[in-house]
Amino acid sequence: MERPVTEADLTFEHVPETDQSFENALAKARDGDRLAVDDAIELLTTGTESEGIDRRRKERVLEAADRRRAEEVGEEVTFIANLNNNVTTACNVGCLFCNFKDAAHTFESDTEIETAGFTKTPAESREIVADAVDRGIYEVTSVSGLHPAFALDEEHREILDDHPNPKEVNYKPPELYDTSPGTYTDQISAMSVDDVHVHSMTPEEAYHARRGTDWSYEEVYRRLKDAGLDTVPGTAAEILVEEVREVICPGKISSDGWLEAMEAAANVGLGMTATIMYGHVDNEAHRAMHLKRIRDLQDRTGNITEFVPLSFIHQNTPLFEHDVVSGGPSIDEDELLIAVSRLFLDNVEHIQSSWVKYGDEQGLKMLSCGADDYMGTILSEEITKRAGGGYGEFRSFDDYVEMIASIGRVPVERSTDYERRRVIDPDDPPFGPRLGPKADGTPLLTRAERDERAVPADD
């Protein structure tokens, strides 16, 4: 039996070594010049001529990024009233950084294996979103596992049912499962309650929604848009460098595939965000290369509203359990990634700080490192929680106003596309809708309350 790969075994073609100097890179950043990949590597490492992070140099990078943030977006810190409604944890892709998924075969009706995961029907998704809309949210974010029974729509279902080798396209009919997720268009339509903004269908999910066909990503996203999709979350990006993806997610969409799908979403008129998930097996060269690919994508599309750095949470993930990594990124790495994102992505206006990843105190610190957005109320967050994240899954408007005001910044409620909804005066409560936490994927109301106020899925 072969020994599994470990951290010590990893060697990469791309390493953080450059002929640029830290001082030259910092001077370019301060002058507002467009940075090259080598410049980003120097800033992320605080100089490749020596090991480790130089704290004094780091502070100079953070100061440059904070100054750029103030010049570009001012003193406002934005947030949104939103809900995470992940449809299913069933997945068999096998990404080593993920502990959100549950093996898809454990959801089948004839299995004797008990699963801790969940699958929601479109009607249940409708109910959950309707409950949250009634409480004041106006965005629903939905990112789900790649359930084998998921199809784009009924036409796609017929194609998959007739496929000569369903296993080849990761398909099993919904009749094999206790609960069917329906189709992607069913779910998007169900979550389109009133005027809520539906933010869903990552490139990886779009890949799943076209498997077994010759459909383009444009065709997939056009159908989803017709069903009610408003914008696309640029997750599933991880690191857009193949030598990293071959280690952490060999079964996942490729870097080029991710970029193709995102450009297609933009081509059919969908706004989008972009992310990076760093601090696992990657190094600073990979992170800089990823930033370059995001900036190039934005040059082509102009549709990216925000960039979201996602610090790798390692505790319960296969990468950690199999000794491929010994931990996640350091606080220094987190701060430098935020800062260099601000300095490098000169065409992306907003950089997000994630209190789910960093916690409140460090999340606020990131707002002085170049970030200007502080996520949303969430209401339910399963992905980071399952990976071992120790921070909460809910923030009230009162929490937001108190935290943002405590660092001398201006709290602003925003829409998904960064239109201002309201500048909030910390001295003039109440601050917003009264929301409540529920982090296990179930509706916010009791069963009796839900029965009383049920909303049909086909409304």
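## Ser200 and strand E6

Ser200 lies in strand E6, which covers residues 197-200. In this predicted model, Ser200 has a relative accessibility of 2% and therefore counts as buried, the cut-off being under 20% relative accessible area. A polar atom of the Ser200 side chain lies 2.8 Å from the backbone oxygen of Ser142.

Ser142 also appears among the contacts of Ser200 once neighbours within four places in sequence are set aside. The other residues in contact with Ser200 on that basis are Ile188, Leu229, Thr231, Val232 and Pro233.

## Thr231 and strand E7

Thr231, one of the residues in contact with Ser200, is placed in strand E7, residues 231-232. Thr231 counts as buried because its relative accessibility is 9%. Leaving aside neighbours within four places in sequence, Thr231 contacts His197, Val198, His199 and Ser200. Leu270, Gly271 and Thr416 are also in contact with Thr231.

His197 and Thr231 are 34 residues apart along the chain, and their C-alpha atoms are separated by 8.0 Å.

## Ala236, after strand E7

Ala236 is found in the loop between E7 and helix H9, the latter spanning 242-248. The phi angle of Ala236 is near 70°, a positive value in a residue other than glycine. With a relative accessible area of 8%, Ala236 is buried.

## Packing of helices H6 and H8

Two packed helices are described by the angle between their axes and the distance between the axes. For helix H6 (residues 184-191) and helix H8 (residues 217-227), the angle is about 30° and the axes are 8 Å apart. The crossing of H6 and H8 is right-handed.

On the H6 side, the contact is made by Tyr184, Thr185, Ile188 and Ser189. On the H8 side, Arg223, Leu224 and Ala227 take part. Sorted by class, the contact of H6 with H8 has four nonpolar residues, two polar residues and one charged residue. Ile188 of H6, which takes part in this contact, is also in contact with Ser200.

## Nonpolar cores

The largest nonpolar core has 114 residues, and Leu43 and Tyr221 are those with the most contacts inside it. Not counting residues up to four places away in sequence, Tyr221 touches Met201, Thr202, Pro203 and Ala206. Tyr221 also touches Leu229, Val232, Ala261, Ala265, Val268 and Leu270. Another core lies apart from the largest one; it has five residues, among them Ala90, Ala104, Ala149 and Tyr177.

Leu229 and Val232, both touched by Tyr221, are also in contact with Ser200. Leu270, likewise touched by Tyr221, is in contact with Thr231.

## Thr46, between helices H2 and H3

The loop between helix H2 (37-45) and H3 holds Thr46. Phi of Thr46 is near 55°, a positive value in a residue other than glycine. Thr46 is buried, with a relative accessible area of 1%.

## Arg69 in helix H3

Arg69 is placed in helix H3, which runs over residues 55-73. Arg69 is a buried residue, as its relative accessible area is 3%. A polar atom of the Arg69 side chain lies 2.7 Å from the backbone oxygen of Gly74.

Apart from neighbours within four places in sequence, the residues in contact with Arg69 are Gly74, Glu75, Arg342, Leu367, Gly370, Ala371, Asp372 and Arg409.

## Asp373 and strand E11

Asp373 is found in strand E11, residues 373-376. At 0% relative accessibility, Asp373 counts as buried. The side chains of Asp373 and Thr78 are joined by a polar contact of 2.6 Å.

Not counting residues up to four places away in sequence, Asp373 touches Thr78, Phe79, Glu306, Ile351, Gln352, Ser353, Leu367, Arg414 and Tyr418. Tyr418 is 45 residues from Asp373 along the chain, and the C-alpha atoms of the two are separated by 9.8 Å. Leu367, touched by Asp373, is also in contact with Arg69.

## The chain as a whole

The protein chain contains 18 helices and 13 strands. Of its 459 residues, 59% count as buried. Among contacts in the protein chain with a separation of 6 or more, 75% are between residues 24 or more positions apart.

How values were computed. Residues are numbered from 1 along each chain as its sequence is written. This is a predicted model: local features need pLDDT of at least 70, side-chain atom pairs count only at pLDDT 80 or more; totals for chains, interfaces and linings use all residues. Side-chain values use heavy atoms; hydrogens and water are left out. Axes are lines fitted to C-alpha atoms, for helices over the stretch in contact, and angles run from 0 to 180 degrees between N-to-C directions. Helices (H or I, at least four residues) and strands (E, at least two) are DSSP runs, numbered from the N terminus. A crossing is left-handed if the near helix is turned anticlockwise from the far one by less than a right angle, and right-handed if clockwise. Contact means heavy atoms within 4.5 Å. Ala, Val, Leu, Ile, Met, Phe, Trp, Tyr, Cys and Pro count as nonpolar, Asp, Glu, Lys and Arg as charged, and the others, Gly among them, as polar. A nonpolar core is a set of buried Ala, Val, Leu, Ile, Met, Phe, Trp, Tyr and Cys residues joined through side-chain atoms within 4.5 Å. Buried means under 20% relative accessible area, exposed over 50%, partly exposed in between (1.4 Å probe, protein chains only). A polar contact is a pair of N or O atoms within 3.5 Å; within protein, one must be able to donate a hydrogen and the other to accept it, and residues adjacent in sequence count only if both atoms are side-chain atoms.
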